[in-house]
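Let's take a walk through this structure together. Have the viewer ready, and follow along as we go.

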Amino acid sequence: MESNGAFLLFEDQMAGGKMTPLHTHPDSDETMYMLEGEIRMHLDGQEHRVAAGGVVVAPRGVPHAFMVVSDTARMLCLHTPGCCEAFYWDASEPTTADTAAPGVVDFDRVRASAQHNGGIDLIGPPPFPTLMPSDPSRDVA
């Protein structure tokens with residue numbers, strides 16, 4: 001079903017260790033709903049643990065990045081409006097029932113897609129030098 005640009009919704013299946021560069025979406029808000037697994041979300045200088053059933057919102061223009069800290073993870077990602085579809089198609093490889101989600105992000109591919117398609121501003125490397133222990137006070141529900 002097409003939304004005529006009102007939103008973009010997709011499922012992201014990820015292997016442990018996957019991380020994104022620090023980035024913003026200048027023209028869309030990004031909402032992530034965790035279906036399975038756990039991520040560390042770096043949002044505007046703060047880190048939070050987001051596990052299955054958790055939701056996190058990165059408003060447009062706010063720097064963010066995430067790293068998968070479980071063996072695998074699945075999330076629904078919603079962009080409103082849906083202006084980033086071309087970026088995601090060019091920056092990633094769709095998975096099927098027969099293929100595993102890659103754990104390593106091809107940052108050159110991400111950078112090239114961002115430059116070609118827009119929808120995202122890359123502002124730095126992943127801000128995750130080490131894994132942090134779980135801290136319930138940093139949970140995002």
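What follows starts with the nonpolar core, moves on to the aromatic rings and ends at a helix.

Please keep in mind that this is a predicted model. A good place to begin is the largest nonpolar core, which has 24 residues. Met 32, Ile 39, Met 41, Phe 66, Met 75 and Phe 87 are the members with the most contacts inside that core. If you colour the model by secondary structure, you can see where the core comes from: the strands β1, β3 (29-36), β4 (38-43), β6 (55-58), β7 (64-68) and β8 (72-80), together with the helices α1 and α2, each supply at least two of its residues.

Ile 39 is worth selecting for a closer look. Setting aside neighbours within four places in sequence, the contacts of Ile 39 include Met 34, Phe 66 and Met 75. Also on its contact list are His 48, Arg 49 and Val 50, as well as the run Met 67, Val 68 and Val 69.

Now turn to the aromatic rings. Two aromatic pairs are counted here. One of them joins Phe 10 and Tyr 88, whose ring centres lie 4.7 Å apart with 50° between the planes, a tilted arrangement. Because Phe 10 sits in strand β1 (residues 8-15) and Tyr 88 in helix α1, this pair ties together parts that are 78 residues apart in sequence. Tyr 88 also pairs with Phe 87: the centres are 5.1 Å apart and the planes stand at 70°, so this pair is edge-to-face. Phe 10, Phe 87 and Tyr 88 thus form one aromatic cluster. Is Tyr 88 buried or exposed? With a relative accessible area of 19%, Tyr 88 is buried, just below the cut-off of 20%. Phe 87 is buried too, at 4% relative accessibility.

Our last stop is helix α2, which spans residues 107-117. Val 110, Ser 113 and Ala 114 are buried there. Looking down the helix axis, these buried residues fall within an arc of 100°, so they line one face of α2. They pack against α1 (85-91) and β9 (121-124). On the face turned away from the buried side, you will find the exposed residues Asp 108, Gln 115 and His 116.

The ends of α2 deserve a glance as well. At the N-terminal end, Asp 106 acts as a cap, with a side-chain oxygen 3.2 Å from the backbone nitrogen of Asp 108. Just after the helix, Gly 118 adopts a positive phi of about 70°.

Terms used: Residues are numbered from 1 along each chain as its sequence is written. This is a predicted model: local features need pLDDT of at least 70, side-chain atom pairs count only at pLDDT 80 or more; totals for chains, interfaces and linings use all residues. Side-chain values use heavy atoms; hydrogens and water are left out. Buried means under 20% relative accessible area, exposed over 50%, partly exposed in between (1.4 Å probe, protein chains only). Helices (H or I, at least four residues) and strands (E, at least two) are DSSP runs, numbered from the N terminus. The arc is that of the directions from the helix axis to the C-beta atoms. Contact means heavy atoms within 4.5 Å. A polar contact is a pair of N or O atoms within 3.5 Å; within protein, one must be able to donate a hydrogen and the other to accept it, and residues adjacent in sequence count only if both atoms are side-chain atoms. Rings of Phe, Tyr and Trp (its six-membered ring) pair if their centres lie within 6.5 Å; planes under 30 degrees apart count as stacked, over 60 as edge-to-face and the rest as tilted. A nonpolar core is a set of buried Ala, Val, Leu, Ile, Met, Phe, Trp, Tyr and Cys residues joined through side-chain atoms within 4.5 Å.
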